[in-house]
Amino acid sequence: MKAKIGFEIHVQLNTKQKLFCRCSADYTDKDPNTNICPICTGQPGSKPMPPNLEAIKNVIKVGLILGCKPNHVRIYFLRKHYFYPDLPKNYQITSEPLMVDGNFFGVKIREVHLEEDPGRYDLRNGYVDFNRSGTPLAEIVTEPDIESPEHAKGWLEKLFLYLKYSRAIRADPGSIRVDVNVSIEGGERVEIKNVNSIDGVYRSLKYEILRQTRMLIVGKRIKRETRHYDDEKRITAPLREKEDIADYRYIPDPDLIPIEISESLIDNIKRDILSPIEYEKILKNKYNLKENYIQKLLQNPEFLELCIYVLKNIKKEDPNRVAEILTNHVWRVIKDTNLEFHQIKNLQLVRNIERLLTILNRVDRNKLCDIVSAMLLNSEDPVNYAKKKRYLLQEVDKNKIISIVKEILTSETKAVNDYLNGKKKALSYLVGKVMSRLEIKPNPKTITEIIKEEIYRTYR
Ligand SMILES: [Zn+2]
């Protein structure tokens with residue numbers, strides 16, 4: 001049965017300060033309730049400061065990486081009301097969508113908006129720690145374009161790789177929380193709340209799809225509901241009804257003026273981001289690369305940036321030849337040796353690949369990874385290294401072979417006759433004879449061809 005999966009993903013934006021006050025956004029390793037002020041603890045009479053510009057820039061960055069367009073309207077901050085111990089002012093401030101209509105590796109992005117994180121409530125003992133309260137989050141909402149738990153895992157990994165690489169989001173673990181929507185053909189949509197790791201998303205989906213499939217098989221109805229995922233028991237279970245009722249009574253926050261995103265701000269941010277959808281276009285249109293190379297280049301943002309640099313700087317070469325070396329051999333060496341991207345000297349890599357391409361037709365293909373590994377790890381020159389290691393196939397002097405073949409054919413009349421009478425073995429015998437006279441051994445196929453030509457020319 002086919003599954004339809006969509007996400008609401010919360011990521012922590014990488015900023016120095018919280019969203020509406022000056023407290024530090026970095027609350028790790030701090031004693032509980034030491035990273036707080038009247039604003040982020042919602043004390044009576046406190047009002048939010050204007051939103052942190054760094055957070056706004058980073059949420060736009062997230063949107064651009066996901067191929068979104070800016071939402072060119074006045075964007076209001078809203079109060080989303082709910083009552084829970086982690087939220088002392090009884091509403092969470094969340095923005096309207098800042099970025100809309102994206103596409104990231106085939107999954108459509110509905111919108112990205114900004115919101116403040118609540119504190120942390122420990123259900124077991126009732127403690128609340130407000131160090132996190134008011135730190136900025138981006139919420140990414142996808143369309144239900146994901147088809148399986150495996151697809152979900154691979155896609156989320158790529159998403160975090162790109163977002164972390166761009167430094168728009170915090171890299172520490174625990175910085176991801178996902179609400180997962182899943183339905184299978186013929187059933188209602190079920191939401192799994194607050195899954196906090198990519199593996200957790202994968203496991204909760206495995207369980208939930210199996211549960212829904214079994215219910216449909218025995219003829220039960222799947223009802224629309226919200227569940228939570230228990231990673232210890234590895235099951236999903238219904239949330240209590242009262243938590244399920246979402247009546248947030250959204251109203252625009254009268255303490256905050258709406259914002260507008262200008263073109264110049266977008267242009268400024270665009271300059272240093274790596275959006276796979278944009279790069280796919282460049283690789284296709286400018287470099288005319290084959291699809292399988294493009295997909296390999298896009299799998300890792302650091303690798304992509306490195307390869308774009310190489311493609312840009314190698315001028316007089318077919319980009320597909322360059323991409324072949326990059327995606328096959330360079331990528332394999334990086335993976336196998338855990339080489340860090342920053343250890344690779346870009347300009348040197350360009351020169352070395354240019355050098356390597358000059359001998360590509362003569363080099364033993366099985367030795368290419370060894371050559372690339374020597375040039376990446378030990379700064380060896382690929383041509384000198386290949387010569388030193390005798391990886392180059394020898395150039396053969398065809399005229400010399402022909403004269404030897406002629407001599408052998410005159411002296412080996414029996415073998416020639418055997419061959420003419422249809423004994424195929426005689427040919428291999430003749431090839432061996434010629435080989436034994438040559439110091440540099442060419443491809444036996446070359447000799448076979450020459451012998452055949454000579455026999456036909458002389459004896460037919
Ligand atoms: Zn504060």
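# Helix packing and overall form

In this predicted model, helices α9 and α11 are roughly perpendicular to each other. The exercises below begin with that pair.

**Exercise 1.** Determine at what angle α9 and α11 pack, and explain why the pair counts as roughly perpendicular.

*Solution.*
1. Helix α11 covers residues 368-377, and its axis lies 9 Å from that of α9.
2. The packing angle of α9 and α11 is about 65 degrees.
3. Angles of 65 to 115 degrees count as roughly perpendicular, and α9 and α11 are therefore placed in that class.
4. As for handedness, the crossing of α9 past α11 is right-handed.
5. From α9, the contact takes in His329, Val330, Arg332, Val333 and Thr337, while α11 supplies Leu368, Cys369, Val372, Ser373, Leu376 and Leu377.
6. Sorted by class, these contact residues comprise seven nonpolar, three polar and one charged.

**Exercise 2.** Describe the geometry of α8 against α9, and state which residue classes make up their contact.

*Solution.*
1. Helix α8 spans residues 301-313 and α9 spans residues 319-337.
2. Their axes cross at roughly 145 degrees and come within 11 Å.
3. In passing α9, α8 makes a right-handed crossing.
4. On the α8 side stand Phe303, Cys307, Val310 and Leu311; on the α9 side, they meet Pro319, Val322, Leu326 and Trp331.
5. The classification of this α8 contact with α9 gives eight nonpolar residues, with no polar and no charged ones.

**Exercise 3.** Establish how the directions of α2 and α3 are related, and identify the residues that join them.

*Solution.*
1. Helix α2 runs over residues 149-165 and helix α3 over residues 198-217.
2. The axes are 9 Å apart, at an angle of about 165 degrees.
3. Since angles over 145 degrees count as roughly antiparallel, α2 and α3 are therefore assigned to that class.
4. The passage of α2 across α3 is a right-handed crossing.
5. Pro149, Ala152, Lys153, Leu156 and Glu157 of α2 touch Ile198, Val201, Tyr202, Leu205, Lys206 and Ile209 of α3.
6. Eight nonpolar and three charged residues form this contact of α2 with α3, with no polar ones.

**Exercise 4.** Set the radius of gyration of the protein chain against that of a compact globule of 460 residues, and relate the chain's form to its domains.

*Solution.*
1. The chain contains 16 helices and 14 strands.
2. A compact globule of 460 residues would have a radius of gyration near 23 Å, whereas the chain has 32 Å.
3. The C-alpha trace extends about 110 × 55 × 40 Å along its principal axes.
4. The domain assignment lists domain 1 (3-263), domain 2 (274-388) and domain 3 (398-459).
5. Between the C-alpha centres of domain 1 and domain 3 the separation is 75 Å.

Note on methods: Residues are numbered from 1 along each chain as its sequence is written. This is a predicted model: local features need pLDDT of at least 70, side-chain atom pairs count only at pLDDT 80 or more; totals for chains, interfaces and linings use all residues. Axes are lines fitted to C-alpha atoms, for helices over the stretch in contact, and angles run from 0 to 180 degrees between N-to-C directions. Helices (H or I, at least four residues) and strands (E, at least two) are DSSP runs, numbered from the N terminus. Angles under 35 degrees count as roughly parallel, over 145 as roughly antiparallel, 65 to 115 as roughly perpendicular and the rest as oblique. A crossing is left-handed if the near helix is turned anticlockwise from the far one by less than a right angle, and right-handed if clockwise. Two residues are in contact if their C-beta atoms, placed from the backbone, lie within 7 Å. Ala, Val, Leu, Ile, Met, Phe, Trp, Tyr, Cys and Pro count as nonpolar, Asp, Glu, Lys and Arg as charged, and the others, Gly among them, as polar. Domain bounds come from an automatic or database domain assignment. The radius of gyration is taken over C-alpha atoms; the globule rule is 2.2 Å times the number of residues to the power 0.38.
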